[in-house]
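Colleague: I'd like to learn how to read a model like this one from the ground up. Could you take me through it, one feature at a time?

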Amino acid sequence: MAGERETSGGASSPAARAAISLIMTVSFAAALVVVIGDGAYLWIKAIHVIAIISWMAGMLYLPRLFIYHCEAEKGSAQSETFKVMEGRLLRIIINPAMLISWVLGLWLASTGGFFSAPWFHAKLALVIALSAVHGYFSMAVRAFAEDRNERPPRFWRIVNEVPTILMILIVILVIVKPF
Ligand code: HEM
């Protein structure tokens, strides 16, 4: 099955995908720094924001898929289709986007000298919470793939709001920098 092929080893394994995303991001960022010099900060910030948009798009859509998946009968063709959609969304979009957001975000913090800023500490705490939600969603994708999910649609409707609330607070912190 497609889902099984994606979780098997080789170049499509999660570790290989993560390593490829990491190497490509670091190489591209390093090339920007060498070629553009001081102007690289804004280019890297732009790529950071693009990665964040991809990460958030996935984090907002995945629990929606869980809601529809709960309503599909286990073993049905519809349920199998949701398994493929969830697995691909997680592995092809959400995981690499999170990795790129973290690498470039930490580079921005280091280059911009933000590690001692209180707003950055608050942002970091919320981004760690968002990453924990990401981890929880990854476990849920595995549970749905093995037909082990026992959570009702209502649970996923509530959980769906968590990434939205975290995103709003994070964006206010980084743009307004209130403290
Ligand atoms: C993954 C860990 C992250 C780190 C370490 C990080 C760090 C940073 C840093 C240091 C900046 C530059 C701030 C400046 O130049 O004023 C930045 C910009 C930005 N970040 Fe993040 N960030 C992360 C994740 C996120 C997330 C999850 C969001 C949104 C949900 C986000 C949204 C933004 C936005 C909108 C900007 C542009 C702000 C501006 O130019 O005024 N970041 N980030």
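Modeller: Happy to, and let's begin at a single residue: Asp147 is exposed, because 10 other C-beta atoms lie within 10 Å, and the cut-off for exposed is 12 or fewer. This is a predicted model, so every value here is computed from predicted coordinates.

Colleague: Where does Asp147 sit, and what is its phi?

Modeller: Asp147 belongs to the loop between α5 and α6. Its phi is near 55°, a positive value in a residue other than glycine.

Colleague: And what about Lys177: what is its phi, and where is its place?

Modeller: Lys177 is not a glycine either, yet its phi is positive, about 45°. You'll find Lys177 in the segment after α7. It counts as partly exposed, because 14 other C-beta atoms lie within 10 Å.

Colleague: Let me zoom out. How many helices and strands does the protein have?

Modeller: There are 7 helices and 0 strands, so the pattern along the sequence reads α-α-α-α-α-α-α. The C-alpha trace spans about 55 × 40 × 20 Å along its principal axes. Of the contacts with a separation of 6 or more, 83% link residues 24 or more positions apart.

Colleague: How do I check the length of a helix, say α3?

Modeller: Use the rise of 1.5 Å a residue: the 32 residues of α3 should span 46 Å, and the end C-alpha atoms are 47 Å apart, which agrees.

Colleague: Which residues of α3 are buried?

Modeller: Start with the general idea. An α-helix has 3.6 residues a turn, so residues three or four places apart point the same way. In α3, the buried residues include Ile44, His48, Ala51, Ile52, Trp55, Met56, Met59, Leu62, Pro63 and Phe66. Among the elements that cover the buried residues of α3 are α2, α4, α5, α6 and α7.

Colleague: Which residues have the most contacts inside the largest nonpolar core?

Modeller: That core has 21 residues, and those with the most contacts inside it are Ala51, Trp55, Leu62, Ile94, Ala97 and Val141. Two or more residues each come from α3, α4 and α5. The largest share, 8 residues, is from α3. Apart from this core lies another, of 5 residues, including Val127, Ile170, Leu173 and Val174.

Colleague: What does Trp55 touch?

Modeller: Leaving out residues up to four places away in sequence, Trp55 touches Ile94, Ala97, Met98 and Ser101. Over the whole protein, buried residues make up 22% of the 179 residues.

Colleague: Now the ligand. Which residues are closest to it?

Modeller: The ligand is surrounded by 20 residues, and the closest are Trp102, Gly105, Leu108, Ala109 and Val127. At least two residues of the shell come from each of α3, α4, α5 and α7, and α4 gives the largest share, 7 residues. By type, the shell has 15 nonpolar, 4 polar and 1 charged. Val127 turns up here and also in the core of 5 residues.

Colleague: Last one: what is the mean pLDDT?

Modeller: The mean pLDDT is 91, and 93% of residues reach 70 or more. Over residues 1–10, though, the pLDDT is below 50, and this stretch has 9 contacts in the model beyond near neighbours in sequence. Where pLDDT is low, the predicted coordinates should not be read in detail.

Notes
Residues are numbered from 1 along each chain as its sequence is written. This is a predicted model: local features need pLDDT of at least 70, side-chain atom pairs count only at pLDDT 80 or more; totals for chains, interfaces and linings use all residues. A residue is near a molecule or strand if its C-beta atom, placed from the backbone, lies within 6 Å of it. Helices (H or I, at least four residues) and strands (E, at least two) are DSSP runs, numbered from the N terminus. Ala, Val, Leu, Ile, Met, Phe, Trp, Tyr, Cys and Pro count as nonpolar, Asp, Glu, Lys and Arg as charged, and the others, Gly among them, as polar. The expected span of a helix is 1.5 Å times one less than its number of residues. A residue is buried if 20 or more other C-beta atoms lie within 10 Å of its own, exposed if 12 or fewer, and partly exposed in between; C-beta atoms are placed from the backbone. Two residues are in contact if their C-beta atoms, placed from the backbone, lie within 7 Å. A nonpolar core is a set of buried Ala, Val, Leu, Ile, Met, Phe, Trp, Tyr and Cys residues joined through C-beta atoms within 7 Å. pLDDT is the predictor's confidence in each residue, from 0 to 100.
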